[in-house]
Amino acid sequence: MEDKSNKLILIPILAVVFLMIGYQYICPAGSNSCRFLTGDKLSGMFRQYHSGDDIYAYQDGLDEEGSSKILSKFNFTERDLERHVDFNIKGDDVIVFLHIQKTGGTTFGRHLVRNIHLEQPCDCMPGQKKCTCHRPGKAESWLFSRFSTGWSCGLHADWTELTNCVPAVMNKKDKKDAQRNGRNFYYITMLRDPVSRYLSEWKHVQRGATWKTALHMCDGRSPTQDELPACYSGDDWTGVTLTNFMDCPSNLANNRQVRMLADLSLVGCYNVSTFTAGAERERGRVLLASAKNNLRNMAFYGLTEFQRKTQYLFERTFGLRFIQAFTQINSTRAASVGVGEGALRRRIEGLNALDVELYEYAKELFLRRYQYSHQTQHREQRVRRRQERQEERQRLHQHRAPISKARREEEEREIEGVEGEEVGGVATTEDYSSQVVRW
């Protein structure tokens with residue numbers, strides 16, 4: 001009986017050992033063939049997706065066609081996704097860059113004046129902040145931005161200011177007749193994760209930066225002191241703590257991205273004195289809807305957390321090419337501030353609730369546009385290769401002596417074989433696998 005019981009115990013032990021040996025063969029260490037994730041890995045992926053400054057870790061998991069991982073929450077039409085403008089740099093068209101504070105706009109603005117391959121590159125003199133970006137053969141600017149025309153409509157002018165100011169300013173600069181000139185103004189901007197952007201602005205203000213010379217023009221005037229009270233006394237807010245920064249109710253850092261993209265005239269500009277608590281919520285909904293609409297209808301916008309996709313979409317939209325690839329930088333000042341996932345983060349998100357919702361909307365639309373553009377590019381490549389193959393067949397038939405049907409079929413198979421080899425080597429614009437030089 002004792003020998004029999006020992007055998008019964010030995011059987012399951014041997015079975016377990018056999019399964020472990022088999023698993024090692026099927027799923028060796030370091031292999032990706034078995035996609036089982038431990039709890040730590042799952043939580044790590046969640047943190048990467050929501051960290052703000054390291055969203056590129058999530059982005060790198062996207063497949064080449066875009067992503068099957070995009071969580072669909074909004075209904076976008078094909079018209080929303082398709083983005084290509086016939087930008088005529090030699091004509092009267094103008095790109096207008098709406099620069100929102102602490103969204104990576106300075107870096108992107110420098111790309112526009114120093115890093116685009118142009119027939120007539122922008123003339124950037126050493127020691128000067130502004131560059132001369134003229135059209136080929138004309139003393140007219142094709143770009144309205146901080147680094148080309150300066151703050152011609154005010155410091156960090158928003159959508160409300162720019163749309164009411166840019167046409168008149170550009171017509172005056174280029175000596176155009178506003179009544180007869182039907183030029184196109186293509187508005188572009190950059191957005192950033194709201195928590196990261198907010199912390200970055202706080203650190204910037206803490207070091208002594210201010211934007212108190214900004215005009216905030218709306219309906220023909222700037223806001224009064226009562227409509228937009230200052231958060232500090234003195235010249236600046238140097239050394240402000242994050243708590244004090246959050247405690248100021250008139251701090252324009254709160255929901256800055258929505259405010260700068262919305263049409264402020266829809267809500268009476270900066271006059272909020274007559275709003276009740278319920279009316280204030282309605283005001284926020286109006287601003288958010290306006291910001292979404294204006295963002296969706298812009299010619300282009302990029303996301304700070306997706307630099308290479310931003311570059312790819314800009315190139316596809318305007319038919320322009322950058323000289324050097326964009327670089328993803330995640331070691332920012334905002335990233336050094338540990339807010340965690342607790343009460344502090346929740347308070348910042350509460351102060352920027354409109355921006356949080358706008359960014360969620362903008363991120364999905366951005367990734368959908370990337371996916372759509374990538375698929376469109378692949379279709380264009382397939383059509384082009386098919387046309388080239390047909391032209392090659394026609395050339396063979398026209399310039400060769402009559403040959404047998406068997407020989408003709410053999411040559412066509414050779415052509416198709418060469419074409420098939422080329423398919424494997426097609427590289428798309430956003431595949432920057434070569435060494436990226438930090439520009």
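## Sheet and helix packing in a predicted model

The crossing of helices α10 and α13 is right-handed. This description rests on a predicted model. Besides that helix pair, the model contains an open sheet of four strands, across which helices α5 and α11 lie.

**Packing of α10 and α13**

- Helix α10 spans residues 277-297 and helix α13 spans residues 353-399; the two pack at an angle of about 20 degrees, their axes being 10 Å apart.
- Because angles under 35 degrees count as roughly parallel, α10 is roughly parallel to α13.
- On the α10 side, the contact is formed by Gly284, Leu288, Ala291, Lys292, Leu295 and Arg296. Their counterparts in α13 are Leu354, Glu357, Leu358, Tyr361, Ala362, Leu365 and Arg369.
- By class, the residues of this contact comprise eight nonpolar, one polar and four charged.

**The sheet**

- The strands follow the order β3-β1-β4-β5, and their pairing is parallel.
- Strands β3 (143-144) and β5 (300-303) each have a single partner strand and stand at the edges, so one side of each lacks a neighbour in the sheet.
- Four bridges join β4 (residues 185-191) to β5 in the parallel sense.
- Isoleucine 188 lies opposite phenylalanine 300 of β5.

**Helices across the sheet**

- Helix α5 (residues 105-114) lies across β1 (94-98), β3, β4 and β5, and runs at about 165 degrees to β1.
- Helix α11 (residues 307-318) lies across β1, β4 and β5, with a direction at about 170 degrees to β5.

Note on methods: Residues are numbered from 1 along each chain as its sequence is written. This is a predicted model: local features need pLDDT of at least 70, side-chain atom pairs count only at pLDDT 80 or more; totals for chains, interfaces and linings use all residues. Side-chain values use heavy atoms; hydrogens and water are left out. Two strands pair if DSSP finds at least two bridges between them. Contact means heavy atoms within 4.5 Å. Axes are lines fitted to C-alpha atoms, for helices over the stretch in contact, and angles run from 0 to 180 degrees between N-to-C directions. Angles under 35 degrees count as roughly parallel, over 145 as roughly antiparallel, 65 to 115 as roughly perpendicular and the rest as oblique. A crossing is left-handed if the near helix is turned anticlockwise from the far one by less than a right angle, and right-handed if clockwise. Ala, Val, Leu, Ile, Met, Phe, Trp, Tyr, Cys and Pro count as nonpolar, Asp, Glu, Lys and Arg as charged, and the others, Gly among them, as polar.
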